[in-house]
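This report looks at one pocket and at some surface features of a single protein model. Please keep the sequence and the structure at hand while reading.

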Amino acid sequence: MGKYTDDEIRGMKKITARIAADYLGISPMAVTMGMRNALLPIGFAIHNEEKDRGIYSESWTYVIIPERLIAYNYGRINEIQVKHIEDSITKIVDCFEEMKQDLLFLLKENEG
């Protein structure tokens, strides 16, 4: 499919790496590697270590935020603002990981 319009991007429930690549005019690999290495500030790349099947088969989830993708495409993304948002989301993810570990611990205790 060709390049998407801004309104089409805004209307999508989920934006894949392929859609973002088509929209930006780059390859899907450039999108995924750029997101993994924090060089493409259009969303978040989350490494699912529990699902990895070795070093050559890593599992990643990509969350692409429509307005960030559009802003990046027009060269209007504010790196400082993005950094603050990413730091906040990292804190939230860390809290959820702690809660997950606590819940697993409690579940194991209740089994015994």
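The text below takes up the second largest pocket, then a nonpolar surface patch, and then two individual residues.

The model is predicted, and the values that follow are computed from it. The second largest pocket has a volume of about 190 Å³, and its lining is made up of I46, H47, N48, E49, E50, V93, E97 and K100. Two elements, the strand β1 (43-47) and the helix α5 (79-111), each contribute at least two residues to this lining, and α5 provides the largest share, namely three residues. Sorted by class, the lining of the second largest pocket contains two nonpolar, two polar and four charged residues.

V93, which belongs to the lining of that pocket, also takes part in a nonpolar surface patch of about 530 Å², together with I85, I89, I92, F96 and M99. F96, another member of this patch, is located in helix α5; because its relative accessible area is 54%, and the cut-off for exposed is over 50%, F96 counts as exposed.

T61 lies in strand β2 (residues 60-64), and with a relative accessibility of 32% T61 is classed as partly exposed. N48, one of the residues lining the second largest pocket, is 13 residues away from T61 along the chain, and the C-alpha atoms of the two are 7.2 Å apart.

The accessibility values of the two residues are set side by side here.

| Residue | Relative accessible area | Class |
|---|---|---|
| F96 | 54% | exposed |
| T61 | 32% | partly exposed |

Methods: Residues numbered from 1 in each chain as written. Predicted model: local features only at pLDDT ≥ 70, side-chain atom pairs only at ≥ 80, totals over all residues. Heavy atoms only, no water. 1 Å grid on protein atoms, 1.4 Å probe; cavity = no way out; pocket = protein on both sides within 12 Å on 5 of 7 lines; lining within 4 Å. Points joined across faces, edges and corners; volume = space filled by probe spheres on them. Helix = DSSP H or I, 4+ residues; strand = E, 2+ residues; numbered from the N terminus. Nonpolar A, V, L, I, M, F, W, Y, C, P; charged D, E, K, R; others polar. Patch = residues over 30% accessible without salt bridge, like charges linked within 9 Å, V, L, I, M, F, W, Y side chains within 5 Å. Areas by Shrake-Rupley, 256 points an atom, 1.4 Å probe, with all protein chains shown as cover. Salt bridge = Lys/Arg side-chain N within 4 Å of Asp/Glu carboxyl O. Buried < 20%, exposed > 50% of the residue type's maximum accessible area, 1.4 Å probe, protein only.
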